[in-house]
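Colleague: I would like to learn how to read the features of a two-chain model. Could you walk me through this one?

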Amino acid sequence: MPTKINFTLNGEKFQKDVEDNWTLLYLLREKMGLIGTKEGCGSGECGACTVVVDGKAVNACIYLSPEINNREVITIEGLSNKNGDLNYIQQSFIDNGGIQCGFCTPGMIMSSKALLDEINDPTVENIKHALSGNICRCTGYSQIIDSVIAAKTYKKQNQ
Amino acid sequence: MSQFSYLTPKTIEEAISMYFEKSDKKSIYMAGGTDVLLKIKEGKFSPNRIISLKHVMEHNTIKIDPETGNLIIGAFVTHRELETSNLIRQKYKIIHDAAKNIGSIQIRNVATVGGNLVNAVPSADSAIPLITLDSFVRVMGRQGQRNIDLIDFFVAPGRTLLKSGEILLDIIIPKPPSFTAGAYKKFTRRAAMELPIVGIGITVSLERNSNICNKVRICLGVAGPTPMRALNAENFLIGKVITEALLNEAGCLASSESKVRDSIRGKLWHRKELIKVFVKRMGMLAIERIKLQKS
């Protein structure tokens with residue numbers, strides 16, 4: 001049964017008819033063309049589908065689309081500005097080698113965003129805790145953690 | 001995923017009447033949905049209706065009842081809310097010990113305390129600290145409300161005393177006596193995104209200005225089909241001056257009365273050893289936490 005929902009996606013307001021059994025991930029990728037958010041395990045283990053709903057990181061693969069009614073969703077596509085300038089976290093991941101194959105990167109960056117929006121100056125422990133639901137099979141995590149540490153300075157420079 | 005309709009009742013009463021509206025037994029309540037949706041995806045069941053409890057604006061806070069001093073955790077409080085609550089972090093450290101290690105932040109932002117209890121999988125360890133605090137749950141169904149001690153709530157893996165159509169509303173933690181603290185250890189192979197090989201929780205109450213134990217609860221997770229109290233170990237400690245050596249003996253008793261077994265996540269002998277060691281270590285940590293409260 002379709003449900004009519006209103007939501008904000010990456011700053012833009014939308015009204016959509018969604019099937020009740022669509023996951024948020026399905027809505028984003030298959031119906032809205034936002035393929036930056038990845039499907040890894042499809043069961044909330046790997047974090048590749050992480051998006052931010054009302055300021056909180058969630059797994060879009062086990063989140064029903066009708067639940068975003070009246071909520072604000074941010075995906076990886078929402079981080080850069082209209083000119084295509086990258087957000088400071090994205091830039092930091094590039095500069096510090098936080099990316100190898102790139103599949104986990106959108107999820108890693110969205111988890112990092114939720115962390116850096118909440119805590120201005122996270123410790124390495126905070127960072128590891130925040131990223132513990134995101135799996136990377138390439139980097140061994142060191143460069144990713146370095147990227148988030150460096151992002152803190154980028155953030156200060158931006159402010 | 002199979003087809004279903006998604007219902008959003010605004011009150012508990014409305015949710016219950018939706019549940020009984022159809023008699024096909026194909027309705028299911030859902031709070032966070034991190035377990036329910038997985039089961040649907042895996043084809044373990046295919047409901048016709050999901051009755052979401054996310055829009056019920058009650059039973060979603062953590063508060064102290066001003067009259068009784070009891071702690072009331074709403075069933076729809078998320079694990080993340082529990083983890084970041086100052087009240088829990090400062091006064092109920094044993095609950096914080098467990099909350100911060102459930103799933104990932106993404107899961108904890110969505111998954112609820114009530115959902116974890118209702119699911120009743122042996123490895124769901126949020127119940128263990130709550131049992132050491134003598135918690136009970138308040139549930140509501142068509143016949144009204146009733147209370148169930150949390151230790152009795154679990155019947156078998158995946159089964160609780162909840163009757164068809166009943167909803168868990170709150171978890172109530174009676175005000176602990178003075179000089180009480182606890183600690184919980186979830187033993188896992190890796191640091192995150194893991195289910196416990198075994199879980200050990202202990203809450204100790206000491207007499208004023210002494211190390212004499214006048215109340216203790218030891219609860220073990222994944223040590224049997226449902227959470228179990230180590231009663232022999234508890235009885236052994238009552239009235240005695242708590243020392244590391246004494247806790248070591250209590251650990252041995254708890255280990256031998258546990259019903260651990262071999263499974264894919266751990267071996268029987270390993271689980272027995274872990275219980276021995278961590279009853280002692282968590283007991284010592286609890287005593288340390290009591291000392292910190294005094295100063």
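**Reading the model**

Modeller: Let us begin with a single residue: Asn10(A) is found in the loop between β1 (2-9) and β2 (12-19) of chain A, where helices (H or I, at least four residues) and strands (E, at least two) are DSSP runs numbered from the N terminus. The model is predicted, so local features need pLDDT of at least 70 and side-chain atom pairs count only at pLDDT 80 or more, while totals for chains, interfaces and linings use all residues. Residues are numbered from 1 along each chain as its sequence is written, chains are lettered from A and ligands numbered from 1 in the order in which they are written, and side-chain values use heavy atoms, with hydrogens and water left out.

Colleague: What is the phi of Asn10(A)?

Modeller: Phi of Asn10(A) is positive, about 50°, although the residue is not a glycine.

Colleague: Is Asn10(A) buried, partly exposed or exposed?

Modeller: Buried means under 20% relative accessible area, exposed over 50%, and partly exposed in between (1.4 Å probe, protein chains only). With a relative accessible area of 26%, Asn10(A) is partly exposed.

Colleague: Which value does phi take in Val222(B), and where is that residue placed?

Modeller: Val222(B), a residue other than glycine, has a positive phi near 60°. Its place is in the loop between β13 (213-221) and β14 (228-229) of chain B. Val222(B) is buried, at a relative accessible area of 14%.

Colleague: Now the whole chains, please. How many helices and strands has chain A?

Modeller: Chain A has 5 helices and 5 strands, and from the N terminus on its elements run β-β-α-β-β-β-α-α-α-α. For compactness, we take the radius of gyration over C-alpha atoms and set it against the globule rule, 2.2 Å times the number of residues to the power 0.38. The radius of gyration of chain A is 15 Å, close to the 15 Å from the rule for 159 residues, so chain A is as compact as a globular protein of that length. Its C-alpha trace spans about 45 × 30 × 25 Å along the principal axes. Of the 159 residues in chain A, 51% are buried.

Colleague: And what is the secondary structure of chain B?

Modeller: Chain B comes to 12 helices and 14 strands. Its radius of gyration is 19 Å, close to the 19 Å that the globule rule gives for 295 residues, so chain B is as compact as a globular protein of that length. The C-alpha atoms of chain B fill a box of roughly 60 × 45 × 35 Å along the principal axes, and 55% of its 295 residues count as buried.

Colleague: How are contacts in each chain spread along the sequence?

Modeller: Contact means heavy atoms within 4.5 Å. In chain A, among contacts between residues at least 6 apart in sequence, 57% join residues at least 24 apart. In chain B, residues 24 or more positions apart account for 62% of the contacts with a separation of 6 or more.

Colleague: Which residues touch the most other members of the largest nonpolar core?

Modeller: A nonpolar core is a set of buried Ala, Val, Leu, Ile, Met, Phe, Trp, Tyr and Cys residues joined through side-chain atoms within 4.5 Å. The largest has 46 residues, and Ile73(B), Ile95(B) and Leu117(B) touch the most other members. Elements of chain B that each supply at least two residues of this core include α1 (12-21), β5 (71-74), α7 (113-119) and β10 (167-173). Apart from it lies another core, of 33 residues, among them Met228(B), Ala230(B), Leu274(B) and Ile287(B).

Colleague: Which residues does Leu117(B) touch?

Modeller: Not counting residues up to four places away in sequence, they include Ala127(B), Leu130(B), Val137(B), Phe153(B) and Ile171(B).

Colleague: Let us finish with two loop residues. Where are Asn70(B) and Asp134(B)?

Modeller: Asn70(B) is in the loop between β4 (62-64) and β5 of chain B, and counts as buried at 16% relative accessibility. Leaving aside neighbours within four places in sequence, its contacts include Lys63(B), Ile172(B) and Pro174(B). Asp134(B) lies in the loop between α8 and β6 of chain B, and is partly exposed at 25% relative accessibility. With neighbours within four places again left aside, Asp134(B) is in contact with Pro174(B), Lys215(B) and Arg217(B).
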